[in-house]
Amino acid sequence: MAKHLKIKTGVLARIFKELGKYEEELVKEEAKTSKMREEGKDPHDIKHQEQVQEEAAMMVPDCKRRLEAALQDLTSYVDENKDDEEIAGSEELEKAQELLNNVNNSM
């Protein structure tokens, strides 16, 4: 039981971190595209940068979908097993609940 909790917590933590990185990358690419337009760069270069920006933008919704699925999975698992003697009061349960709070507060 504790092993499953640890795995599910790790999955949620990884996807949550990944979403943050994709969002940062999108902001960076948007700024780069805007700067290129302001500086009057070659239209071909701008078009290529727009494609890079679009690719970054496509990753965010997919990552959010996976985050929501992992969040639901861990929430259900914690609710169903929080009274299990192997998990109750464990450090893994505390980590899972803290992560759930952090993710829920950021959404």
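**Notes on the salt bridges and T33**

1. A good place to start is E50, which forms a salt bridge with R37, with 2.3 Å between the closest N and O atoms. E50 belongs to helix 2 and R37 to helix 1, so this pair ties together parts that are 13 residues apart in sequence. Please keep in mind that this is a predicted model. Both partners are partly exposed: E50 has a relative accessible area of 26%, and R37 one of 46%.

2. Next, have a look at T33, which sits in helix 1 (residues 2-38). Its relative accessibility is 1%, so T33 counts as buried, the cut-off being under 20%. The side chains of T33 and Q53 are joined by a polar contact of 2.7 Å. Leaving aside neighbours within four places in sequence, T33 is in contact with Q49, E50 and Q53; E50 is also the salt-bridge partner of R37.

3. How many salt bridges does the structure hold? There are nine. One of them joins the side chains of D73 and K8 at 3.0 Å, N to O. Here D73 lies in helix 2 (residues 43-81) and K8 in helix 1, so the pair ties together parts that are 65 residues apart in sequence. D73 is partly exposed, at 37% relative accessibility.

4. K41 and E39 make a salt bridge too, with their closest N and O atoms 3.7 Å apart. Relative accessible area is 42% for K41, which is partly exposed, and 46% for E39, also partly exposed.

5. Finally, you may enjoy tracing the network of salt bridges that links R14, E18, D62, R65 and R66.

Notes: Residues are numbered from 1 along each chain as its sequence is written. This is a predicted model: local features need pLDDT of at least 70, side-chain atom pairs count only at pLDDT 80 or more; totals for chains, interfaces and linings use all residues. Side-chain values use heavy atoms; hydrogens and water are left out. Helices (H or I, at least four residues) and strands (E, at least two) are DSSP runs, numbered from the N terminus. Buried means under 20% relative accessible area, exposed over 50%, partly exposed in between (1.4 Å probe, protein chains only). A polar contact is a pair of N or O atoms within 3.5 Å; within protein, one must be able to donate a hydrogen and the other to accept it, and residues adjacent in sequence count only if both atoms are side-chain atoms. Contact means heavy atoms within 4.5 Å. A salt bridge is a side-chain nitrogen of Lys or Arg within 4 Å of a carboxyl oxygen of Asp or Glu.
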